[in-house]
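Please look over the structure shown below and keep it at hand while reading. The report that follows takes up a few local features, one heading at a time.

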Amino acid sequence: MVALLLFVFALMLMKESAGPLAPVIRGTFSVDSVASALCLGWLTASLALSGSPVAASALSLLDAQVLNPLESFAMISGSRLGASMVVLVIGFAYMLRGKDRNVSLGVGLTSLLVTQTLYPVVLIIGFFLLNLAMFQNIDFGIGHGWNAPFSALFDPLVSYMKLHLHPGLLLLGGFLITIFSLWLFDRAVPDLNLKESNVGQVSQLVYRPLVTFILGAVITSMTMSVSVSLSLLVPLSVRGFVRTENIIPYILGANITTFVDTLIAAFLLANPSGITVVLIMILSVLMASVFILLLGFRTYERFIQRTAIKIGSRKIFLIGYLLIIIGLPFLLLWIG
């Protein structure tokens with residue numbers, strides 16, 4: 001409950017601060033296009049090692065009319081691209097602890113490559129759906145009055161802070177509180193103790209791609225964080241519970257249900273446009289994932305595995321890859 005209340009408070013802070021900062025965001029930081037919004041989400045999630053607070057920020061900016069639906073969709077997509085960076089960081093940590101280099105780095109690289117190849121397709125599907133008349137101006141029967149208890153609780157404090165603090169500090173504070181609230185929620189979820197669990201007894205079941213697909217979706221929906229659920233891949237793989245070839249279905253499943261907290265944020269903001277954006281995001285990821293699983297999974301799997309092995313085989317390749325994925329959003333932001 002504390003985590004939920006903090007999450008609502010953070011959303012209200014970011015919403016109230018976004019309006020006054022609109023000229024700065026769209027002018028000074030040049031966030032005035034789909035490409036720049038995508039890069040903003042990508043870079044911010046990479047720095048925060050989490051996509052959920054960035055996605056919530058995108059909805060707050062949409063609610064304050066700083067971003068339009070297409071830009072908000074792009075920023076949320078960018079948050080997923082950056083969120084996968086945490087798996088590579090954890091892989092490095094396991095490697096430094098003496099674990100198998102190929103497995104530790106392979107999981108992180110696979111996670112990044114799956115996300116980076118999935119979301120261009122998601123963007124195409126999502127932009128197409130958002131431009132359809134049937135998905136515009138949907139009435140979900142939710143008015144701003146339904147969250148009146150939260151407004152009554154936090155409006156006095158938000159108004160006081162808005163009066164005495166710079167909007168930039170409010171936006172930063174809301175973002176940091178979002179990170180803390182999601183961390184607090186993660187702490188409330190019981191840890192997966194691999195030594196005491198029965199995972200080893202059902203290892204043959206876990207080896208099946210469909211099962212790991214469902215497992216990724218379920219764990220992510222429970223933790224409401226793709227960063228947390230994907231981070232479990234490293235210890236699961238190092239201990240042999242999940243084979244490398246079954247990591248890809250797990251990541252695809254996690255990418256579908258990772259938007260649970262974002263959807264909650266959209267409903268808390270009582271913004272029909274935000275709810276539509278998140279639902280189309282979920283539908284787009286689902287369609288892209290099903291397309292991969294049913295029509296070309298084995299080819300896609302071999303491509304991802306070979307690319308991950310190639311990148312991780314030499315330090316120069318790994319450094320070059322990191323420079324590309326860090327430099328590309330800066331380049332796109334500059335061009336956009």
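## A salt bridge within one helix

In this predicted model, arginine 298 is partly exposed, with a relative accessible area of 45%. Its side chain meets that of glutamate 301 in a salt bridge, at 3.1 Å from N to O, and the count for the structure comes to one salt bridge. Side chains of opposite charge can pair when their charged atoms come close.

Both arginine 298 and glutamate 301 belong to helix α17 (residues 297–313), where they sit three residues apart, about one turn of the helix. Glutamate 301 has a relative accessibility of 7% and therefore counts as buried, the cut-off being under 20%, whereas the 45% of arginine 298 places that residue in the partly exposed class.

## A nonpolar patch on the surface

Leu283, Leu286, Met287, Val290, Phe291, Leu294 and Leu295 make a nonpolar surface patch of about 660 Å². One of these residues, leucine 294, is found in helix α16 (residues 272–295), and its relative accessible area of 66% makes leucine 294 exposed, because exposed means over 50%.

## The enclosed space

Rolling a probe the size of a water molecule over the atoms shows where empty space is left. The structure holds one cavity of 30 Å³ or more, and about 30 Å³ of space lies in the largest cavity. Its lining is formed by Trp42, Ser46, Leu81, Gly82, Met85, Leu112, Gln116 and Ile325, and the elements that contribute two or more residues to this lining are α3 (34–48), α5 (69–83) and α7 (101–130).

Sorted by class, the lining of the largest cavity consists of five nonpolar and three polar residues, with no charged residues.

## Two residues with positive phi

Most residues other than glycine have a negative phi. Glutamine 65, however, has a positive phi, near 60°, and alanine 270, which is not a glycine either, has a positive phi of about 55°.

Each of these residues has its place in a loop: glutamine 65 lies between α4 (52–63) and α5, while alanine 270 lies between α15 (260–269) and α16. Are these two loop residues buried or exposed? Glutamine 65 has 73% relative accessibility and so counts as exposed, the cut-off being over 50%, whereas alanine 270, at 1% relative accessibility, falls under 20% and so counts as buried.

Conventions
Residues are numbered from 1 along each chain as its sequence is written. This is a predicted model: local features need pLDDT of at least 70, side-chain atom pairs count only at pLDDT 80 or more; totals for chains, interfaces and linings use all residues. Side-chain values use heavy atoms; hydrogens and water are left out. On a 1 Å grid over the protein atoms alone, a cavity is a set of points where a 1.4 Å probe fits but cannot get out, and a pocket is an open set with protein on both sides within 12 Å along at least five of seven lines; lining residues have an atom within 4 Å of a point. Grid points are joined across faces, edges and corners, and a volume is the space filled by probe spheres set on the points. Helices (H or I, at least four residues) and strands (E, at least two) are DSSP runs, numbered from the N terminus. Ala, Val, Leu, Ile, Met, Phe, Trp, Tyr, Cys and Pro count as nonpolar, Asp, Glu, Lys and Arg as charged, and the others, Gly among them, as polar. Patches are made of residues with over 30% relative accessible area and no salt bridge: like charges are joined within 9 Å, nonpolar side chains (Val, Leu, Ile, Met, Phe, Trp, Tyr) within 5 Å. Accessible areas come from the Shrake-Rupley method with a 1.4 Å probe; for residues, only the protein chains shown count as cover. A salt bridge is a side-chain nitrogen of Lys or Arg within 4 Å of a carboxyl oxygen of Asp or Glu. Buried means under 20% relative accessible area, exposed over 50%, partly exposed in between (1.4 Å probe, protein chains only).
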